Structures are given as structure tokens and as C-alpha cells.
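Here are a few notes to read with the model open on your screen. Take them one at a time and find each spot as you go.

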Amino acid sequence: MSKLVAALPMYDWPEVRGEIDAQWVRLRDAFRQRGIDAPETMARSNRDLLPVPGGIRDGAGKLIAPDPATLPPDEFDFRQLWLSPALLFGQTCWGPMELGLAEHVQVVAQPSYDAFEGGQGELYSSALVMIGDGGPSAASPEDGKAVIPLDLMRGKRFIFNNPDSMSGLLGLTRDLEAIGESLDIFASRSESGGHRSSIVAIAEGRADIAAIDCQSWALAQRFEPAARRVKVVGWTARRKGLPFITARTTPADIMASMREAVASVG
């Protein structure tokens with residue numbers, strides 16, 4: 001049994017669990033072909049994370065997270081996953097990376113977003129969505145630059161998934177700053193806990209606008225009925241997408257083999 005942990009939680013909607021599992025099987029088998037002791041299945045809750053008696057510590061011995069075994073077993077704390085010394089392969093967002101996670105992990109690779117409107121190679125953007133009015137949605141610009149409809153946004157209730165999210169908050173913040181504006185254009189700001197929840201809140205009239213990363217927006221169009229009641233009114237600028245990561249202590253030869261494996265499965 002592997003003593004390592006893997007997870008692909010960022011787009012793991014219930015409706016696509018089979019697709020995510022299949023993605024992991026392809027990666028797992030490619031890893032194993034290269035001599036990497038990849039776990040059979042992925043972690044999807046705190047109970048799947050390996051215990052770390054005394055808590056998780058950084059390279060200097062400073063406590064940075066509690067023992068995963070002390071957390072609610074049915075929940076899934078992504079930060080615990082990302083900081084786990086047993087993390088072989090996971091996925092995070094550049095928001096947490098820029099806010100301190102980067103010093104505790106290593107980037108293995110960047111996924112491709114070519115399959116999604118608003119994506120190009122390793123770059124992705126977020127769709128700015130509001131309640132639908134029967135008109136067409138705004139298409140993603142070919143040049144990948146931000147399309148910020150200030151006239152539609154000003155004075156509206158903004159909802160975002162998480163405070164450290166690049167796609168849901170930080171990217172839009174930077175695009176607004178680039179044109180001399182800020183989040184102060186909104187009448188209010190609130191946190192939903194997830195992109196899907198933000199879409200539902202807009203459809204139900206509890207919020208007016210959200211930034212939804214292009215892959216999550218594609219998932220919502222497939223599986224979330226509330227997405228039919230909202231429309232795209234703009235786009236954030238393209239930025240690097242959600243990186244695949246491994247623990248800070250993963251050896252360089254394993255890193256090299258994983259990068260080769262990821263490239264081989266596409």
C-alpha cells in the first residue's frame with residue numbers, strides 16, 4: 001500500500017467523479033510505469049489523508065498545520081492536502097500559492113485549458129456572470145485581455161468563492177486596478193464557498209455578479225440548472241491555470257519522472 005497521497009479536488013464535481021477517477025488512473029499508471037509508488041485511489045476527505053503525529057511542520061520545524069487525523073473526517077481541508085508531507089500529486093490555485101503555499105510545495109506541471117472557452121494552453125480566464133436577460137453571452141476575447149463591463153458592474157452585489165481564489169477574486173481585483181478601479185465599485189461583497197454556489201446565488205437573486213473560472217463555467221453549463229438563468233457579461237484576463245503540485249520534500253528524480261508522465265498522458 002502506498003504511503004503517498006494524491007488528489008485532484010479543484011474540479012471534482014459529483015457529476016464528473018468518473019471522469020476525474022479516469023484521469024487519475026491514467027496518471028497513476030503512467031507514474032507506476034516510471035517506478036513511482038502512486039496510490040491506487042485519490043483522497044477525497046480528511047480521513048484519506050495520512051496522519052502526521054504532532055502536526056505538519058515546515059523545513060525549519062515550525063508548525064504550519066494540524067495533524068489531519070484531528071480534523072473532521074468527512075470534510076476535506078484542501079490546505080491540509082497541499083501541505084501534507086505525503087503529497088505525491090495534487091492541484092491548487094495560484095491564489096494560495098502567492099499567499100504563502102509556494103514555499104511549502106513544488107510545481108510539477110500546468111494543465112491545458114484549450115478545451116474550454118476562455119482558456120488557451122496553460123492560461124485560463126474567468127467568465128463574469130450575471131442574471132440572464134435574454135441577450136447573448138459575451139464571447140471570450142481572442143487576445144485574452146480583460147473585458148470588464150463597468151457600467152453593468154457598478155453598484156452591484158459581488159459574490160466570490162473564496163478569499164484566496166485567483167479566479168474568483170484576486171484576478172478580477174487586479175483587472176479592476178489595471179483600469180483605475182477597485183472592488184469598491186460593488187455595493188457589497190460576500191463569500192459563497194464555491195463557484196457553483198456563486199452561480200446559484202445569482203440565479204436565486206441573492207447576488208448580482210461573480211467571476212467563474214472557465215473550466216468551472218463549462219461544468220456549470222453541463223450540470224448546474226442555475227447556469228441557464230445567468231449569462232456571461234465579461235471576462236477577466238488570462239492567467240496561469242491551476243498548477244499540479246507535490247510536496248516540498250519530493251525528490252528531484254521523482255519530480256522529473258512525474259513531469260514526463262504528465263506530458264505523456266496529455
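The points below walk through two pockets in turn.

1. Before anything else, keep in mind that this is a predicted model. Every value here is computed from it, so to speak, on paper.

2. Start with the largest pocket, which holds about 770 Å³ of space. Its lining takes in 31 residues. To find the middle, click on Pro9, Met10, Phe78, Asn162 and Gly193, since these are the lining residues nearest the centre.

3. Which elements give two or more residues to that lining? They are helix 1 (17-33), helix 2 (78-83) and helix 6 (195-203). Helix 6 gives the most, with three residues.

4. What is the lining of the largest pocket made of? Colour it by residue type and you should get 16 nonpolar residues, nine polar ones and six charged ones.

5. Now move to the second largest pocket, with a volume of about 640 Å³. Here 24 residues form the lining. Gln23, Pro111, Ser112, Phe116 and Gln215 are the ones nearest the centre of this pocket.

6. Helix 1 turns up again: along with helix 7 (214-223) and helix 8 (252-265), it supplies at least two residues of the second lining. Which helix gives the most to the second largest pocket? That's helix 1, with five residues.

7. Finally, sort the lining of the second largest pocket by type: 15 residues are nonpolar, six are polar and three are charged.

Methods: Residues are numbered from 1 along each chain as its sequence is written. This is a predicted model: local features need pLDDT of at least 70, side-chain atom pairs count only at pLDDT 80 or more; totals for chains, interfaces and linings use all residues. Side-chain values use heavy atoms; hydrogens and water are left out. On a 1 Å grid over the protein atoms alone, a cavity is a set of points where a 1.4 Å probe fits but cannot get out, and a pocket is an open set with protein on both sides within 12 Å along at least five of seven lines; lining residues have an atom within 4 Å of a point. Grid points are joined across faces, edges and corners, and a volume is the space filled by probe spheres set on the points. Helices (H or I, at least four residues) and strands (E, at least two) are DSSP runs, numbered from the N terminus. Ala, Val, Leu, Ile, Met, Phe, Trp, Tyr, Cys and Pro count as nonpolar, Asp, Glu, Lys and Arg as charged, and the others, Gly among them, as polar.
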